[in-house]
Amino acid sequence: MCPCDNSEAVSGPCCPSSLTDEMWEVIRPLLAVRNLRKGGGVRKYGDRLVLDSIFCVLRSGCQWRMLPRDLMPWDAAHRWFTKWRRDGSWDRIHDEQRRQLRIGAGRDPVPSAAVIDAQSIKTNEGGKARGFDAGKRTTGRKRHVIVDTMGLLLVVAVTSASVQDRAGGRTVLARLAATFRTVSFVWADGGYANSVDCTLLSWARDALGIVVEMGT
């Protein structure tokens, strides 16, 4: 029988994607505390069960409507996922965990250097967001990702796979500059500049104050 219930005292995972007690103790303090003075009915599902339901979809790749019955109704799980995305809860949780990991590793809480890369992913869906990457011979989407020197995610942008690294690099570097003003140095591979087009480097330096260093 699944050990999950509707309280905060959930103990033990009901499926491989569920939070362990140790993971829950890390995330629980980062969730917003509900202000009961603002009214509203008593919540039927606790935050831990909501997270277990969301993580089941994310880890398994199943459709929301295919959530196991021993979790919570799919529409309620999707509603909380959307709410936390719109109010910035996911970003706050991720940013705080990254900060704690950096401090634990003896680093500054915020990074000063980063690494940029892109990855094309095959997909049969996406409409205009789906295209063909001639270099990777892949039809789908492309993830433009910037991580710190520990490999922890800073910013990401998703485009059609047909978008070149240099064009996607401008988008994700602009997001980096707006979110992490402490980052002034970024390593990149040869996909972001070549003998024909190296404008990304001068643009990043002049417009964003970021030095992009090309790797070998």
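**Contacts and cores in a predicted protein chain**

User: What share of the contacts in the protein chain between residues at least 6 apart in sequence join residues at least 24 apart?
Analyst: In this predicted model, that share is 56%. Each such pair is called a contact because its heavy atoms lie within 4.5 Å.

User: How many helices and strands does the protein chain have, and in what pattern do they follow one another?
Analyst: There are six helices and six strands, and along the sequence they run α-α-α-α-β-β-β-β-α-β-α-β.

User: What makes a residue of the protein chain count as buried, and what percentage of the residues are buried?
Analyst: A residue is buried if its relative accessible area is under 20%, and 37% of the 216 residues meet that criterion. The accessible surface of the chain comes to about 13,100 Å², with 53% of it belonging to carbon and sulfur atoms.

User: Why is the set of residues that includes V50 and W64 called a nonpolar core?
Analyst: The set of 23 residues, in which V50, L51, I54, W64, L67 and M72 are those with the most contacts, is called a nonpolar core because its members are buried residues of the nonpolar kinds, joined through side-chain atoms within 4.5 Å. The elements giving two or more residues to this core are α1 (21-27), α2 (47-60) and α3 (74-86), and α2 gives the most, with seven.

User: Which residues does W64 contact beyond its neighbours within four places in sequence?
Analyst: W64 is in contact with I54, V57, W74, A77, H78 and F81. Apart from the largest core lies another, of 20 residues, including I146, L154, L176 and V212.

Key. Residues numbered from 1 in each chain as written. Predicted model: local features only at pLDDT ≥ 70, side-chain atom pairs only at ≥ 80, totals over all residues. Heavy atoms only, no water. Helix = DSSP H or I, 4+ residues; strand = E, 2+ residues; numbered from the N terminus. Buried < 20%, exposed > 50% of the residue type's maximum accessible area, 1.4 Å probe, protein only. Areas by Shrake-Rupley, 256 points an atom, 1.4 Å probe, with all protein chains shown as cover.
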